[in-house]
Amino acid sequence: MAVRIQSKPSFFWQGILILLPVVLMACFGFWAILHERNSVEQDARQRANEIIQSLPNDFGRLAANGLVSTDASKNGWFGYLQWALAAWPDDKTRKQLVNNTNEVADITREARVLHEMFPDWTNGAPPIVDFRLSTNGNVDGLRRIPPSPPDWLASLSTEQHEAWAGLVAADYANAPLTNIIALAAAFERTEPAESAKINARFIRLRAESRSLPATNSISLLFRFAGSHYDVESESGLPLGTLALAEALKRSRECGPTKRLWEALRSEVVDPGIFAPSLLNNAANLAANNPQLSEGIRAMRILMDDKQMQRDLADAVKQSGSVNGITTTNVWVDAMGRRWFCILQPEASGGGTIISNKPVHWTTIFTEVSCYPESLVVKAFQGALRDSSVSLPGYFKIAIRLEGQRIALSPKIPQGDVLAQRQFQMISVGEGLNPMTGQESNKPFDDMPSHPRFTVSVILANRPLLYARQRQLQLIFGSLIGLSTISALIGFFAALRSFRRQHQLNEMKSNFVSSVSHELRAPIASVRLMAENLERGKIAESEKQNDYFRFIVQECRRLSSLIENVLDFSRIEQNRKQYDFEPTDLAALAQTTVKLMEPSAAERGVRLAFQAGLAPEKCEPNLDGRAIQQALVNLLDNAVKHSPKGATVEIGLKSEGGAIELFVKDSGPGIPREEHEKIFERFYRRGSELRRETQGVGIGLSIVKHIVEAHGGKIFVKSEIGKGSRFVIELPVKNQHE
Ligand code: ADP
């Protein structure tokens, strides 16, 4: 048989073929995932743009509408406070308004609207404030607080000043009336300015009035104040206010009057520094009169509104944006809130005839409308609602009004701005003023600078945007991971089987050379002996007998080897057949031992058989020839590996429902890690060159096949230097089964 030794094959290309598709797939997968991420971001930008573009063009008008929606309610309600509730009970206008049920229903509704709009507003005036700012920075129509000393006081000469101080000191010390009259006359004689004279007269009148009955005194005071209301007193307060204070004092004696009430009402329209205490005094007077008490409450609200105008005017001034006429809209902090103030320059003019000449006048001022931040937020929320903007969860809308971010939700969203659009609050003309019945023309008409704002779409929740993509990523990632793992497993399995195959091939070629070797030597010696015998070269009959015995033995050995090889080939091709029949195992074992004894003896090894089983138990169903072959192989190995003079024990015993057939030698033993391997085909211990025993490496694999075909087991118990004990364990099968 010719054996072709191949050069060592390589696994390189197979490995590449297995791994390359996976590597390519993984690269493509990662590329696709990255690409997908970019396109998700691009889609988001596009979507954000669509959302921004879907906002109506008049979004600015919607927002403006929302902002001024409460103006009319406030104006209506304030008109009612001023003309109805704050007026004297028998006032005609008051009666008309209070008795008109429609009017009352309207006003109740307005008040409810205001309360809904400003939930944190509990008393005082609602937080929407309008006023006019004069070019000098004061609120138009409101006096300054604190008041400044009058011009006439500064213009007094020393002599006049002394006379004035004397009069004031006497008045302060409640001096007798005659003194005061004299001092007032003395002051007037110094010829001071007209306003100073009027002040002196007022002091005298007030002193005189104290000796009159209350009602007379009050009408005297009001008559005087009526003609000199705007003349400033020494403290800068109008004489009207001082007269009112005195009248209030005297009213304790006679109760409130219509005149007093009207004076109070004009005081709160332009409240001075004493207005709150005047109102407190009036409240005491009116304590028992529900209508008047209601009037005081109304007046307090009106006064509160004026105070807010003053505070906001100060804040607007401090913002530094008002410089003469201004068109800048500003955010200011006042009264614990943040306000958005819209500043609109206005001019009002008129004409009159003075001394037969037409005189024209023009006043320039700034109309200021202030709205609290909460209302601004509501206005934009409403505008967004009306524009039916639908946002995916990862987007949020952000609005910046004149540079200030509007808190549309409690948590201000953070994130990249994906799209932005500019708007302006523009003219609104809707809503009727309930008092005038005319359309209220609110701030943004013809404004030089409409409040500007930007609407942005913000990517507020990035993880949510990428959630779907991440899911795909996860699925693809795991697929790639799994296929990589399975490709690697495949790769290593192929590599392993490649190596095994390679090893097997090597073992096979070793096997072939072993078989050839095993055959060549005995055949040569048998041929030589047979030739010698034939030629009659061997004369002595004893030697002839030796030759014959040797020839027979070698032939037996050869046929047993050939039998093994043939059997092995049958096993490999799955053609090996077994004929099971009840067999006397003990007898079979004994015969086999007998058969093997001569060759063992030749090697100086003794075979000792001990049948340890009752005869009836030793007749299981088995293929006698095959079992004998197995036993021959075991005995052959045992003899081969035993030293000269040793004994090989063969025995049978019954062990836990099975029959054990064992062969025990005192050879070199087999290390534990090879107990399994020796049963593999072609496996031989040690290296080819150093091997001392004959053999081809298939004996034990045939034994294993035979034993397993009988449903049994073969194993070895052995240690280096302690001999080996091969055990065949056969299940007990009764012949009747
Ligand atoms: P071989 O033809 O080489 O004997 P086997 O399949 O019968 O092939 O045995 C396989 C290997 O097991 C042998 O090469 C030998 O190294 C080892 N072996 C078998 N029987 C024994 C034994 N009784 N004592 C020591 N080693 C043994």
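**View A. Cys-254 is partly exposed at 33% relative accessibility.** "Partly exposed" is the range between buried, under 20% relative accessible area, and exposed, over 50% (1.4 Å probe, protein chains only). What you see here is a predicted model, in which local features need a pLDDT of at least 70 and side-chain atom pairs a pLDDT of 80 or more, while totals for chains, interfaces and linings use all residues. Residues are numbered from 1 along each chain as its sequence is written, and side-chain values use heavy atoms, with hydrogens and water left out. Cys-254 belongs to helix α11, which covers residues 239–254; helices here are DSSP runs of H or I with at least four residues, strands are runs of E with at least two, and both are numbered from the N terminus. Now look for Ser-227: it is 27 residues from Cys-254 along the chain, and the C-alpha atoms of the two are 24 Å apart.

**View B. The loop between α15 and β5 holds Ser-387, Ser-388 and Pro-392.** Helix α15 spans 373–386 and strand β5 spans 395–401. Is Ser-387 buried or exposed? Ser-387 is buried, because its relative accessible area is 12%. A polar atom of the Ser-387 side chain sits 2.5 Å from the backbone oxygen of Ala-383. That makes a polar contact, meaning a pair of N or O atoms within 3.5 Å; within protein, one must be able to donate a hydrogen and the other to accept it, and residues adjacent in sequence count only if both atoms are side-chain atoms. Move along to Ser-388 and the picture changes: this residue has 62% relative accessibility, so it counts as exposed. Ser-388 also has a positive phi of about 40°, although it is not a glycine. Most residues other than glycine have a negative phi. Pro-392, at 18% relative accessibility, counts as buried. If you zoom out to find Phe-511, 119 residues from Pro-392 along the chain, the C-alpha atoms of this pair are separated by 76 Å.

**View C. Asn-356 sits in the loop between β3 and β4.** The strands on either side are β3 (337–354) and β4 (357–372). What is the phi of Asn-356? The angle is near 65°, a positive value in a residue other than glycine. Asn-356 is exposed, because its relative accessible area is 74%.

**View D. Strands β1, β4, β3 and β2, in that order, make an open sheet of 4 strands with antiparallel pairing.** Two strands pair if DSSP finds at least two bridges between them. At the edges are β1 (129–134) and β2 (330–334); each has a single partner strand, so one side of each is left without a neighbour in the sheet. From one strand to the next, the twist averages 40°; axes are lines fitted to C-alpha atoms, for helices over the stretch in contact, and angles run from 0 to 180 degrees between N-to-C directions. How many bridges join β2 to β3? There are 5, and the two strands run antiparallel. One spot to pick out is Val-330, whose bridge partner in β3 is Cys-341.

**View E. An open sheet of 4 strands runs in the order β6-β5-β8-β7, with antiparallel pairing.** Its edge strands are β6 (404–406) and β7 (416–424), and each of them pairs on one side only. On average, neighbouring strands of this sheet are turned by 30° against each other, direction ignored. The antiparallel strands β5 and β6 are joined by 3 bridges. Follow Leu-401 across, and you meet Gln-404 in β6, standing opposite.

**View F. The ligand is surrounded by 18 residues.** A residue joins this shell if one of its heavy atoms lies within 4 Å of the ligand. The closest residues are Asn-637, Asp-665, Arg-684, Val-696 and Leu-700. Which elements supply at least two residues each? They are α20 (624–641), α21 (699–709) and β15 (724–731), and α20 gives the most, with 4 residues. By class, the shell has 8 nonpolar, 6 polar and 4 charged residues; Ala, Val, Leu, Ile, Met, Phe, Trp, Tyr, Cys and Pro count as nonpolar, Asp, Glu, Lys and Arg as charged, and the others, Gly among them, as polar.

**View G. Asp-665 has a polar side-chain atom 2.7 Å from a nitrogen atom of the ligand.** An N or O atom in the side chain of Lys-640 lies 2.9 Å from a ligand oxygen atom. Arg-685 takes part through its backbone, with a polar atom 3.4 Å from an oxygen atom of the ligand. Taken alone, the ligand exposes 530 Å², and the protein buries 96% of that; these areas come from the Shrake-Rupley method with a 1.4 Å probe, and for residues only the protein chains shown count as cover.
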